[in-house]
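Trainee: I have a model open and would like to reason through it with you. Could we take it one question at a time?

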Amino acid sequence: MILAGDVGGTKCNLALFSEKEGKLTPVFKQRFASKEFAQFGRIVKEFSRQAAPYLNGDRIDAAGFGVAGPVIKNRVRATNLPWTVDTENLIEELSVEQVVILNDLGATGHSIEHLLPEDFCVLNTGKYEHGGTRGLIAAGTGLGEGILAWDGSRNHYQVIPSEGGHSDFAPHTELQIELLRFMRRRYPQVSWELILSGRGFRTLHEFLSPDVKHPTFEDPDADPAPVITRQGLEKSCPVCVQALDLWCAIYGAEAGNLALKVLALGGVFVAGGIAVKILEKMKDRTFFQAFQDKWKFEPLMNNIPVAVVLNESAPLIGAAYEALAAIGK
């Protein structure tokens, strides 16, 4: 039995998997609101209590957790939460011998080879190169970026995490240059994550039309992003339409930057909760046009496969398989 977790700034998904002949099957899954718990250990305790009937007398052999934040020496300080998660505490908490902590995007990266064809929406077929480096980008509560490098000796992809989402935003058009100026008045550093995350939608909306407001803007506990994206998709609010267009163009541009930096001939995978929620917009070419708009490198960009990861359990799956692999080490 394997316990896996996807630990994010908004929610924590935990699941129990059973293993048979190297294949993992989920047997119980639960979602928790992250901010309702002062420590991650309390979520683990509550999940363990709820999952006990599904163990059927078996014990948990290993656990794997994908956490939003940089993992250093088996320890991570969550980026958008006041939590510290480390293997030593979790081994004691769960009474298991093997606990693996991964960056949340790294966990998604480990899932790619275990997902089914229907778990992807192809935005650009391109020309896949076997063993080619892959790029992984995921916008949600924050922006994650990672690299998947082929390991020929082990015949699989090695996941290399990064914190590229916190690097400096590079505007691509005159409008985006004005956006940068607008954001510089608010923040000492304008990172990609400030835009390419859930909170970025309100920022873009206020930049495009500060006088147009929605009721959620006045509620400090409300998230304006679902309203803006929904009305943008429905085309019921012109400012929301513009905000969604601008957001997708910036997302495509940064995904293209990542593809160039790692020469992603093995493809670029777009994960995270936002892309799935605005999938119809992701498919209308706004994203890919910005992705491939790299002047002399446009032909190269057109040959790079691009796909959205539809399976929102991908980080759980990746963390679970890494925990399973740890048992055999």
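Mentor: Happy to! A residue counts as buried under 20% relative accessible area and as exposed over 50%, with partly exposed in between. Keep in mind that this is a predicted model.

Trainee: Thanks! Which residues of helix H4 are buried?
Mentor: Helix H4 covers residues 174-184. Seen down the axis of H4, the buried residues fall within an arc of 110°, so they line one face of the helix. The face turned away from that buried side carries the exposed residues Glu 174 and Arg 184. The buried residues of H4 are Gln 176, Leu 179, Phe 182 and Met 183.

Trainee: And what covers the buried residues of H4?
Mentor: Look on the buried side of the helix, where Leu 179 is one of the residues to find. Leu 179 is also among the residues that touch the most other members of the largest nonpolar core, which has 49 residues. The cover over the buried residues of H4 includes helix H5 (192-195), helix H6 (200-208) and H8.

Trainee: Which helix gives the largest share of that core?
Mentor: Among the residues touching the most other core members are Trp 247 and Tyr 251. Both numbers fall in the range 238-262, and the helix with that range supplies 13 residues of the core. The largest share comes from helix H8.

Trainee: Glu 254 is in H8 too. Which side chain of opposite charge is nearest to Glu 254?
Mentor: Glu 254 is buried yet has no salt bridge. Its side chain does make a polar contact with the side chain of Trp 192, at 3.5 Å. A salt bridge needs a nitrogen within 4 Å of a carboxyl oxygen, whereas the nearest side chain of opposite charge is 5.1 Å away. That side chain belongs to Lys 261.

Trainee: What ties Arg 186 to Glu 206?
Mentor: Arg 186 lies in the loop between H4 and H5 and Glu 206 in helix H6, so the pair ties together parts that are 20 residues apart in sequence. Arg 186 is partly exposed at 40% relative accessibility, while Glu 206 is buried at 15%. Their side chains meet, N to O at 2.9 Å, in a salt bridge.

Trainee: How many salt bridges does a search of the whole structure find?
Mentor: One of them joins Arg 199 and Glu 193, with the closest N and O atoms 3.3 Å apart. Another is between Glu 234 and Arg 230, at 4.0 Å, N to O. Those last two both lie in helix H7, four residues apart, about one turn of the helix. For the whole structure, the search finds 13.

Trainee: Is Trp 295, which has a positive phi, buried or exposed?
Mentor: Most residues other than glycine have a negative phi. Phi of Trp 295 is near 55°, and Trp 295 lies in the loop between H11 and helix H12 (298-302). Its relative accessible area is 71%, so Trp 295 is exposed.

Trainee: Last one: how far apart in space are Val 27 and Met 1?
Mentor: Val 27 lies in strand S3, residues 23-33, and counts as partly exposed at 34% relative accessibility. Its contacts beyond four places in sequence include Met 1, Leu 16 and Tyr 54. Val 27 and Met 1 are 26 residues apart in sequence, and their C-alpha to C-alpha distance is 9.5 Å.

Notes. Residues numbered from 1 in each chain as written. Predicted model: local features only at pLDDT ≥ 70, side-chain atom pairs only at ≥ 80, totals over all residues. Heavy atoms only, no water. Core = buried A, V, L, I, M, F, W, Y, C linked by side-chain atoms within 4.5 Å. Buried < 20%, exposed > 50% of the residue type's maximum accessible area, 1.4 Å probe, protein only. Contact = heavy atoms within 4.5 Å. Lys, Arg positive; Asp, Glu negative; His and termini not counted. Polar contact = N/O pair within 3.5 Å; in protein donor to acceptor, adjacent residues only side chain to side chain. Arc of directions from axis to C-beta.
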